[in-house]
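Notebook open, model loaded. I want to go through a cavity, a helix and a couple of single residues.

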Amino acid sequence: MNELRHLAVVMDGNRRWARARGFLTKLGYSQGVKTMRKLMEACVEEKISQLSLFAFSTENWARPKDEVDFIFELLHRCLDDALKQFEKNGVRLRAIGDLSRLDAPLREKIKRVEEATAHCDLLCVNLAISYGAKDEIIRAARRVVERGLELSEENLAAHLDLPLDVDLMLRVGNAKRLSNFLLWQSAYAEIYFSQTLFPSLTKREFKKIVKEFRKRERTFGK
């Protein structure tokens, strides 16, 4: 049976979920946050130690300003909640991506939550913000060169934002693509595509997906 240590999730379909119900787009994102919390609970129940969530991509900056502003307002509120709840529940937060593009108050809040939860070891939530896998690889290569190291696979992997291989990549939202998320880390990840829009993802469906993953045969190219 496969061990599921690192789960990566592309949380797609928030806007479509809202529009299909005649709601404002904002309500889709708010419902997505509720689903995200349930997903964290399910990961703890399934003894998954690393959960990587694609919250905001480098491409998302091109979305309408009012939508981007709301997403970051929501992120501020989520971080306030995390500061209160994560440490108590043994959850660590780690942010990945080009955080230099975020405003100073948000970067400072992220840093406070990261520092407050650094000792937590039940679940680590890797929140990808202003993240793109190609951008991550380029930035990692620059770090290697700046430090005068050989540009090798080992050195490049060590300088990524998240130097952890993905076991299972879950893409919800009825799309069959990776959307530039953790491409290096997912070289030998198992992939599961769900038609469910992220706000509608239930613990029951998620646990069925985990069960199927554990039954798959993983050869790692051998």
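Which element gives the most to the lining of the largest cavity? I looked it up in this predicted model, and H2 comes out on top with 4 residues.

**Cavity**

I searched for cavities of 30 Å³ or more and got 1. The volume of the largest cavity is about 40 Å³. I then listed its lining: Thr35, Lys38, Leu39, Ala42, Leu201, Thr202, Lys203 and Phe206. Two or more residues of that lining come from each of H2 and helix H7 (203-215). By type, I have the lining down as 4 nonpolar, 2 polar and 2 charged.

**Helix H3**

Next I checked the length of helix H3, residues 65-85. With 21 residues at 1.5 Å a residue, I'd expect a span of 30 Å, and the end C-alpha atoms are indeed 30 Å apart, so the two agree.

I also wanted to know which residues of H3 are buried. My list reads Glu67, Val68, Phe70, Ile71, Phe72, Leu74, Leu75, Cys78, Leu79 and Ala82. A reminder to myself on reading such a list: an α-helix has 3.6 residues a turn, so residues three or four places apart point the same way.

What covers the buried residues of H3? I noted several helices among the cover, including H1 (14-20), H2 (25-45) and H4 (104-117). Strands S2 (50-57), S3 (91-96) and S4 (123-131) are also included. H2 therefore turns up twice in my notes, once as cover for H3 and once in the cavity lining, with Lys38 given as a lining residue, though I draw nothing further from that.**Arginine 171**

Is arginine 171 buried or exposed? I get a relative accessible area of 2%, so arginine 171 counts as buried, the cut-off being under 20%. I found arginine 171 in strand S5, residues 168-171. Its side chain makes a polar contact with the side chain of aspartate 12, at 2.7 Å. Leaving out residues up to four places away in sequence, I have arginine 171 touching Val10, Asp12, Arg177, Leu178, Ser179, Tyr192, Phe193 and Ser194.

**Isoleucine 138**

Last one for today: isoleucine 138, which I located in helix H5, residues 133-146. Its relative accessible area is 45%, so I put isoleucine 138 down as partly exposed, between the 20% and 50% cut-offs. I also took a C-alpha distance from isoleucine 138 to leucine 156, 18 residues apart along the chain, and got 9.5 Å.

Definitions and conventions
Residues numbered from 1 in each chain as written. Predicted model: local features only at pLDDT ≥ 70, side-chain atom pairs only at ≥ 80, totals over all residues. Heavy atoms only, no water. Buried < 20%, exposed > 50% of the residue type's maximum accessible area, 1.4 Å probe, protein only. Polar contact = N/O pair within 3.5 Å; in protein donor to acceptor, adjacent residues only side chain to side chain. Contact = heavy atoms within 4.5 Å. Expected span 1.5 Å × (residues − 1). 1 Å grid on protein atoms, 1.4 Å probe; cavity = no way out; pocket = protein on both sides within 12 Å on 5 of 7 lines; lining within 4 Å. Points joined across faces, edges and corners; volume = space filled by probe spheres on them. Nonpolar A, V, L, I, M, F, W, Y, C, P; charged D, E, K, R; others polar.
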